[in-house]
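User: I'm new to reading protein structures and I'd like a close look at a single part. Could you pick one stretch of strands and walk me through it slowly?

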Amino acid sequence: MIKNSIFMLLSAAFALSVHAQENELSLQLNGFVDSYHALQVDYPHKIMSSRTRLRLEMRANYGEASLFSSVNLAYNSLIKEQSGAFLREAYFDYAGKYLELKLGRQIITWGVADGLRITDLISPMDYTEFMANDYDDIRVPVNAINLKYPGESFSAEVVFVPVPEFFVIPSGEDNPWSTPLPPNTSMDLSGTPEKRIKNSEVGGRLRFFLENFDFSLTALRTFNKSPVTIATYNPETENVVIKGIYEPMNVFGGDISIPAGELVIRVEMATYFGEPIALRNSSDYMLKKTFNGLIGFDWYAGNNWTFMAQYMHKFIIEHTESLGMEENTSMLTARISKEILNNTLKLSVYGMFDVDNVGFYIRAAGDYLLSDQITLSLGSDWLGGRRGTFKTYKKNSQIWAKGKFFF
Amino acid sequence: MKKFFMATLLSASFIFAAEQNARDIMVKVKNRPDGDTRSSSMEMKLVNKNGGTRVRKITSYAMDVGEDTKTIMFFLYPNDVKGTGFLTVNYDDVEKEDDKWLYLPALKKTRRISGKSSKTDYFMGSDFTYDDIGKRNVDEDTHKLLREESANGFDYYVVESTPKKSGEIFSKKLVWIRKDCDVVEKVEFYDKLGKLHRQMIFSDIKKVDGFWTVGKMVMQNVQTGHSTELLFLDPKFNIQLDSKIFSVNKLERGL
């Protein structure tokens, strides 16, 4: 797959360069090398992650057209399957006056939420190391056709994804972020939809950028990208299989951003039609209509202080007691950052609070720009709570260090 | 009593006339012809007190729409911020907040940001605030003509500008304006305690395409010893620009 994609891109770049004899062709090669290492805070102080990678980004521009590719060459000393060459993005891009086309493997981000997903459902999340990765690394690219009408204060966009991508869940004995399963239990997440046109993903978005506010409207036919799990017991083998369920669902929503003095208020909401929700006894699931909303505040307080807070709420319409999820669930996030020493040192704290499970995830970090090319970072991830995913990962609280060299 | 009243009235009239005169000078500076559209590449060199340097490179385009100005900037260097874009609609009306959008390539997301904020923040770690680089509205300050003086073969107005609102990082600034071309050549910013905080020197003042331009700005923070040199490379005026480049869509596409 990666070889084919790189070959196609190189062929196209060569074709562009042949045409460039009479026109202007520009080639750019950028990237970075980074090395990240994390250590468990609790006993036995295991190494939680140790990885180094080279990111290569190549862009060839020719008039209104361009080719872009982004490749990771990675070495992961813990998770063997994370070592190797991985194609992240590879797309052809054409920017006409009235129509723009982006064709190929690309990351698609919608909505105004910060780190949470309401309408931003096309590119799923790679939770191989849960949330310990940088947010841009967590997003999974999709093979898509993206058509856009680019207006000055309005744009209209249609996205078609023939084969949707789904969440990557941590797995494997060598991954400290894998969730341990009880004895005689196995996980089966192979039930993603067949690669057929009826299982493709299609969506549209209208965006408006106005004097006093921005807003967008979205419609999407997608799937629950994060699997809903149900358990089946096989009396013959005396094994329990936890199976991942993926169902098609329709999403209608939108977002709005309103500047108000030093604040910006962000609101994003969507109704999911046919979202699968597991039953309390995990034996089956039901398709429900759910309302998902978020309100966020960004305060640019001056003096390089930034404060952000978000509240996300999910409401299951026609909720029944048999469901394994409460009728109302919510999540809070907050981010505080301050840049000092002429913006060479950025100190930040990001926190997520799972209100219903009283669970939390806190990342504190310091990023120091040693030079224009080198950034050194130190940080810690703290997880815990009474119930839920964050509690599961309590023992994974870690401290980490990262170095990044840009070229 | 009558004499005192007349003296007070005359004094008040004189102060008003002086303020009006100073405001007129600042309006002339702001409205100095610079074309309806313009573009420039900027190179910023940040120098700390130990002599360590960092470099920032930016390309910017601007277009006047009536009295308002639209600006789009793309960060080219260093590579960790390459692709970051900043779009601003700067309103001439002092009561109206600017519209601002920031595109962050790492998140592949555009954020609407507050028009009121960041004006007093330092721009990319430099000694320039966003306000220093943008077009500050003349009526955000009260102006007073302090004196006229001559130096280096040029005649200058020296104007004292005091912010009308609180929350600014300077308590007052002294501005030296060349009379022959209405170009600012020096600004001294004073902090809340009235001490000199930053000093900005404009040089390489020349005519390009028939418009007076500044080729170099140096801002020195005299309190920390940090300084920033800003070079305007290849300035162009009245160039053909499609108004659609001042859009969030272009911000996200990049150069």
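Analyst: Let's follow a run of strands in chain B, starting with some background on the chain and ending with a few side stops.

Keep in mind that this is a predicted model. It scores ipTM 0.90 and pTM 0.88. For chain B, pLDDT averages 89, and 91% of the residues score at least 70.

Now the chain as a whole. Chain B contains three helices and 13 strands. Its radius of gyration is 20 Å, close to the 18 Å that the globule rule gives for 255 residues, so chain B is as compact as a globular protein of that length. Along the principal axes, its C-alpha atoms fill a box of roughly 70 × 45 × 35 Å. Of those 255 residues, 31% count as buried. If you take the contacts in chain B with a separation of 6 or more, 42% of them are between residues 24 or more positions apart.

Okay, zoom in on strand β7 of chain B, which covers residues 141-151. Thr142(B) sits in this strand. Is Thr142(B) buried or exposed? The answer is in between: it has 14 C-beta neighbours inside 10 Å, so it counts as partly exposed. A residue would need 20 or more to be buried, and 12 or fewer to be exposed. For a sense of distance, Thr142(B) and Asp36(B) are 106 residues apart in sequence, and their C-alpha atoms are 27 Å apart in space.

Which strand does β7(B) pair with? Its partner here is β8(B), residues 154-163, and the two pair in the antiparallel sense over ten bridges. As background, strands of a sheet pair through backbone hydrogen bonds, either parallel or antiparallel. To find the pairing on your screen, look for Ser150(B), which stands opposite Asp155(B) in β8(B). The two strands form a hairpin with two residues between them. In that turn, Asn152(B) has a positive phi of about 55°.

Keep going and you reach β9(B), residues 172-178. Six bridges join it to β8(B), and these two strands also run antiparallel. Here the pair to look for is Ser161(B) and Lys173(B), which stand opposite each other.

After β9(B) comes a loop leading to β10 (183-190), and Asp182(B) lies in it. Asp182(B) has a phi near 60°, a positive value in a residue other than glycine. It has 18 C-beta neighbours inside 10 Å, so it counts as partly exposed.

There is one more backbone detail to spot in chain B. The peptide bond from Tyr77(B) to Pro78(B) is cis, with omega near 0°. You'll find Pro78(B) in the loop between β3 (68-77) and β4 (85-90).

Chain A has a cis bond to look at too: Tyr43(A) and Pro44(A) are joined by one, with omega about 15°. Pro44(A) lies in the loop between β1 (25-40) and β2 (47-62) of chain A.

Finally, where do the chains meet? In total, 31 residues of chain A are in contact with 32 residues of chain B. On the chain A side, the elements giving two or more residues are α2 (135-138), β13 (248-260), β14 (263-278) and β15 (285-302). The residues on that side divide into eleven nonpolar, 14 polar and six charged.

Definitions and conventions
Residues numbered from 1 in each chain as written. Chains lettered and ligands numbered in written order. Predicted model: local features only at pLDDT ≥ 70, side-chain atom pairs only at ≥ 80, totals over all residues. Helix = DSSP H or I, 4+ residues; strand = E, 2+ residues; numbered from the N terminus. Rg over C-alpha atoms; globule rule 2.2 N^0.38 Å. Contact = placed C-beta atoms within 7 Å. Nonpolar A, V, L, I, M, F, W, Y, C, P; charged D, E, K, R; others polar. pLDDT = per-residue confidence, 0-100. Pairing = 2+ DSSP bridges.
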